[in-house]
Amino acid sequence: MRSRDLWQALSARRYLLSAWPWRATAYLVTGAVAGAATLVGLAVALVVGGVLTVVLVGLPLLVLTALAGIPLARLERQRLRLIDRAPAPARPVRQPPATGPWPWLITRLRERATWRELGHALLFALVLWPLDALAVALALGAPLHLAGTPLVMATAGGGEEAKVLKQWTVTTWPAASGVAALGLLLLALGGYALGLAAGVRAELARVLVGAPGEGDPEARVGELTRSRARLVDAFEAERRRIERDLHDGAQQRLVALTMTLGLARLDAPPGPLADQLAKAHGEAGRALEELRELIHGIHPKVLADYGLPAAVADAADRSAVPVDVALELPGRLPRAVEAAAYFVVCEALANVGRHSGADRAEVTGGHRDGRLLLHVRDDGRGGADAAAGSGLTGLADRVSVLDGRLSLSSPPGGPTLLSVEIPCEWTERFA
C-alpha cells in the first residue's frame, strides 16, 4: 500500500502552502531521533548481554534483544500516520497455542514477521536514521542558513560582512539579499525534496513492517491459507454437530423404539403377531447398531473426550488384525489435526484387514519439531497402490489441507508403511 496522501499532495499546486511539508519534516525528524535512540539501546543491550553471557544471565537479555523489532515496528506504523492517513496494519502472525509468556515467546521467535521486524530495526539503527537526519539538514538547514544571511550580517557581522555556510564571505547588502533570495528558493525546493524523501522512506517502512497489500502475492497466499484453515474448522464443527444430533436425537428414538418393541413382545401371546414383533425388534436393534457405527465413524466420542492416543487405541482394539500401538503425545492437538490423523489410521487399519493378508500391524508416532508424525506398518504381502482406489487418495487430500504429507511404501512382499506428517502445535490447556 503506498503513502497515497503524501504522493497526491506532492502533485498538487498548493503543496508548499499545505501542512504536508511540515508533516514530512516531522516524519523524518522523529525517524532520526527514534533511530539514534534505537542504536544506543541495541548497542547497550548487546554489550551488556554479551558480557553477562559468561554467567548465563545475559542469554535472556540477548533473546529479548531479538524481539526489539516488535515495539519499533509498532512505533513505525504509528509514525506512518504523519504522511498517510490510511492505517498500516501489522503482518498477520500466529496466535500462541496457550496463554503465558513462554508460549508467546516461542511463537514469536518462529514467526517470519519477527525476524523481518528485527531486520528493520537494525537497518533503522545503522542506516536509515542518518539518512533521515541528512535529508533534513540538506533540505532545511542549508537553505535556512542562506535565507538568514542578512540577519547574520546585521547582528554578528556588524553590518559589514557575513559568513555563508562557513565557506565564503558576503560583504555587501545586495549580495546578502541575493544569498537570502537563493536560500528561499532552495527552501521551496527543499520542501518538495523532504516530501519525496519521506515518501520513499515510508514505502520502505511499509514493505518491512506493514502487512502486504491486497494485490500482493504474499497477501493472497496468506488469505488462502487462512480461509482454508477456516473451512477445515467449519467442516470439523459441522461433523461434531451431526454426530451430536444423531447421538441425542435419532439414536435415542431408536433406543426408545427398541425398548417399546421388546415390551410389546413380552405382552403379545404366541402367534403371528409375536413373530412380527420379534422380527421388528431385531430389525430395530440392527438399525441401532448401524447408527452407532455411523456416529462413531463421523466423530468418535473417545476422540473428542480423550484425544488421539485413546482413539487410536480404540480403533486398534476393533481392528480385524492385531495391532500394537506406541503413540506418545505431550498433550491435545488441534481438533482438525486429531480428526485427520484418526481417520487416516482407521482407513489404514481397514485396508490392512481387507487387503494385506497381514498377521500383525503397528501404529507408532509422536510430536517432534512442531509436527505430528504417524506410521502405520503391517507385515502383509505389500504391493499396495494409493492410486488404485484404496481410499488413501482422499486421505492424502485431507492431510494436505492441513499442510501435511502422506506417503506410502509398499514393495511386493511387504512390509507396507504408511507415514503421515502434519505441522501443528500441541495445546497446553488439555495437557
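Modeller: Helices here are DSSP runs of H or I, at least four residues long, numbered from the N terminus. By that count this predicted model has 14 helices, along with 7 strands.

Colleague: Which helix gives the most to the nonpolar patch?

Modeller: Helix H6, residues 112-147, with 7 residues. The patch covers about 750 Å² and is built from Leu-39, Leu-122, Leu-123, Leu-126, Val-127, Leu-131, Leu-134, Leu-138 and Leu-204.

Colleague: What makes Leu-134 count as partly exposed?

Modeller: Leu-134 sits in helix H6 and has 46% relative accessibility. Buried needs under 20% and exposed needs over 50%, so at 46% Leu-134 lands in between. Patch residues need over 30%, and Leu-134 clears that too, with its 46%.

Colleague: And why is Leu-122 called partly exposed?

Modeller: Similar reasoning. Leu-122 is also found in helix H6, and its relative accessible area is 40%. That is neither under 20% nor over 50%, so partly exposed is the label. As for its surroundings, Leu-122 is 53 residues from Gly-69 in sequence, with the two C-alpha atoms 8.2 Å apart.

Colleague: Now Glu-117: how do you know whether it counts as buried or exposed?

Modeller: Glu-117 is in helix H6, with 5% relative accessibility. The cut-off for buried is under 20%, so Glu-117 counts as buried. Beyond its neighbours within four places in sequence, Glu-117 is in contact with Gly-69, Ile-70, Ala-73, Arg-77, Arg-108 and Val-209.

Colleague: What makes the pair Arg-108 and Glu-117 a salt bridge?

Modeller: The N to O distance between their side chains is 3.6 Å. The limit is 4 Å between a side-chain nitrogen of Lys or Arg and a carboxyl oxygen of Asp or Glu, so the pair qualifies. Arg-108 and Glu-117 are both buried.

Colleague: How many salt bridges does the structure hold?

Modeller: 11. Glu-76 is a good one to follow. The side chains of Glu-76 and Arg-79 meet at 2.9 Å, N to O, inside the 4 Å limit. They are 3 residues apart in helix H4, which means about one helical turn separates them. Both Glu-76 and Arg-79 are buried.

Colleague: Which residue does Glu-76 bridge to with closest N and O atoms 3.5 Å apart?

Modeller: Arg-201. Glu-76 belongs to helix H4 and Arg-201 to helix H8, residues 173-209, so this bridge ties together parts 125 residues apart in sequence. Glu-76 and Arg-201 are both buried. There is also a network of salt bridges that links Glu-76, Arg-79, Asp-132 and Arg-201.

Colleague: Back to helix H4. Why are H2 and H4 described as roughly antiparallel?

Modeller: The axes of H2 (residues 20-52) and H4 (residues 69-79) cross at roughly 170 degrees and come within 11 Å. That makes H2 roughly antiparallel to H4, because the label applies to angles over 145 degrees. Where they meet, H2 brings Tyr-27, Thr-30, Gly-31, Ala-34 and Thr-38, while H4 brings Leu-72, Leu-75, Glu-76 and Arg-79.

Colleague: What about Val-29: what makes it count as partly exposed?

Modeller: Val-29 lies in helix H2, and its relative accessibility is 36%. With under 20% for buried and over 50% for exposed, 36% puts Val-29 in between, so it counts as partly exposed. Val-29 and Ala-133 are 104 residues apart in sequence, yet 6.7 Å apart from C-alpha to C-alpha.

Colleague: And Pro-309: why is it called partly exposed?

Modeller: Pro-309 is in helix H12, residues 308-317. Its relative accessible area is 29%; buried would need under 20% and exposed over 50%, so Pro-309 is partly exposed. Setting aside neighbours within four places in sequence, Pro-309 is in contact with Leu-327 and Leu-329. Gly-331 is 22 residues from Pro-309 in sequence, at a C-alpha to C-alpha distance of 9.9 Å.

Colleague: Zooming out, what share of the residues count as buried?

Modeller: 38% of the 431 residues. The protein exposes about 23,700 Å², and 64% of that comes from carbon and sulfur atoms. As for contacts between residues at least 6 apart in sequence, 70% join residues at least 24 apart.

Conventions:
Residues numbered from 1 in each chain as written. Predicted model: local features only at pLDDT ≥ 70, side-chain atom pairs only at ≥ 80, totals over all residues. Heavy atoms only, no water. Helix = DSSP H or I, 4+ residues; strand = E, 2+ residues; numbered from the N terminus. Buried < 20%, exposed > 50% of the residue type's maximum accessible area, 1.4 Å probe, protein only. Contact = heavy atoms within 4.5 Å. Areas by Shrake-Rupley, 256 points an atom, 1.4 Å probe, with all protein chains shown as cover. Patch = residues over 30% accessible without salt bridge, like charges linked within 9 Å, V, L, I, M, F, W, Y side chains within 5 Å. Axes fitted to C-alpha atoms, helices over the stretch in contact; angles between N-to-C directions. Parallel < 35°, antiparallel > 145°, perpendicular 65-115°, else oblique.
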